[in-house]
Amino acid sequence: SLELTETMLMERLDAARETMAELRELGVGLCIDDFGTGSSSLRYLSSLPIGSLKIDTGFVQQLGGANESAEIVRAIVNLGDSLGKSVIAEGIEHPAQLQRLLAMGCSHGQGHLLGRPEGLDMLVPSLAGRLPLSGFGSGLPAPGVRH
């Protein structure tokens, strides 16, 4: 899946439409990253070839307290569901955040609670045999080196 930040997408929307459609035809999934932090127009969401919305970490991090972030997250989850888009919460670090997200109907997430990021040296062997990676493995950094 290719992630496009909400701000970047809105700044280049007219130029990006055709490219996004072509990528979608090739089977590339498209996701709006940091959703809720930019100035997107809701009227574009249903017409763009976007498969998912990613809730910004800032909203997820504030889920533990009594604030309006929970209502914003709930609204994004409901919006994504209504438009047939999957919703991904990023930055899940605590079990309480995960429980609130699940209760809101958000079943996709990422963050340190769910799994730590891995370097390229770990990723390539795990993808071997699943994707055509010809020539991709050459020049890998030594194990433990991250770029």
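**Figure 1. Helix H6 and the elements that cover its buried residues.** In this predicted model, the buried residues of H6 are covered by elements that include H4, H5 and E4. The buried positions of helix H6 are Gln-97, Leu-101 and Met-104. These three residues take up an arc of only 60° around the axis, and they therefore lie on the same side of H6. Pro-95, Ala-96, Gln-99 and Ala-103, by contrast, are exposed on the other side of H6. Directly after this helix comes Gly-105, whose phi is positive, at about 95°.

**Figure 2. The whole chain, as a guide to the other views.** The protein chain contains seven helices and five strands, and from the N terminus on its elements follow the order β-α-α-β-α-β-α-α-β-α-β-α. Of its 147 residues, 31% count as buried. When contacts between residues at least 6 apart in sequence are considered, 54% of them join residues at least 24 apart.

**Figure 3. The open sheet of five strands.** The strands are arranged in the order E1-E2-E3-E4-E5 and form an open sheet in which the pairing is parallel. Its edges are formed by strand E1 (2-5) and strand E5 (108-110), each of which pairs on one side only. On average, neighbouring strands of this sheet are turned by 25° against each other, if direction is ignored. Strands of a sheet pair through backbone hydrogen bonds, and this pairing can be either parallel or antiparallel.

**Figure 4. Strand E2 between its two partners.** Five of the six residues of E2 are buried, so this strand is largely enclosed by the rest of the structure. Towards E1, the parallel pairing of E2 is made by four bridges, and in E2 the residue that serves as bridge partner of Thr-5 is Asp-33. Towards E3, three bridges join the two strands, which again run parallel, and here Ile-32 stands opposite Leu-53 in E3.

**Figure 5. The pairing of strands E3 and E4.** E3 and E4 run parallel and are joined by four bridges. One residue pair that can be picked out in this view is that of Lys-54 and its bridge partner in E4, Ile-88. In the protein chain, confidence is highest in E4, where the mean pLDDT is 94.

**Figure 6. Helix H5 across the sheet.** Helix H5 has 15 residues (residues 69-83), which at 1.5 Å a residue should span 21 Å, and the distance of 21 Å between its end C-alpha atoms agrees with this expectation. The helix lies across E2, E3 and E4, and it runs at about 175° to E3. Which residues of H5 are buried? They are Ser-69, Ala-70, Val-73, Ile-76, Val-77 and Gly-80. Because these residues cover an arc of only 125° around the axis, they are placed on the same side of H5. The elements against which the buried residues of H5 pack are strand E2 (30-35), strand E3 (52-55), helix H4 (57-61), strand E4 (86-90) and helix H6 (95-104). Just after H5, Gly-84 adopts a positive phi of about 75°.

**Figure 7. Helix H2 and its surroundings.** For the 13 residues of helix H2 (residues 13-25), a rise of 1.5 Å a residue leads to an expected span of 18 Å, and the end C-alpha atoms are indeed 18 Å apart. Within H2, the residues Leu-13, Ala-16 and Met-20 are buried. The buried residues of this helix pack against E1, helix H1 (6-11), E2 and helix H3 (42-45). Just after H2, Gly-27 has a positive phi of about 95°.

**Figure 8. Confidence along the chain and at its low-scoring stretch.** The protein chain has an average pLDDT of 80, and 79% of the residues score at least 70. Which helix has the lowest confidence in the protein chain? This is helix H7 (residues 120-127), with a mean of 68. Over residues 133-147 the pLDDT stays under 50, and for this stretch the model has 16 contacts beyond four places in sequence. Where pLDDT is low, the predicted coordinates should not be read in detail.

Methods:
Residues numbered from 1 in each chain as written. Predicted model: local features only at pLDDT ≥ 70, side-chain atom pairs only at ≥ 80, totals over all residues. Heavy atoms only, no water. Expected span 1.5 Å × (residues − 1). Buried < 20%, exposed > 50% of the residue type's maximum accessible area, 1.4 Å probe, protein only. Arc of directions from axis to C-beta. Contact = heavy atoms within 4.5 Å. Pairing = 2+ DSSP bridges. Axes fitted to C-alpha atoms, helices over the stretch in contact; angles between N-to-C directions. pLDDT = per-residue confidence, 0-100.
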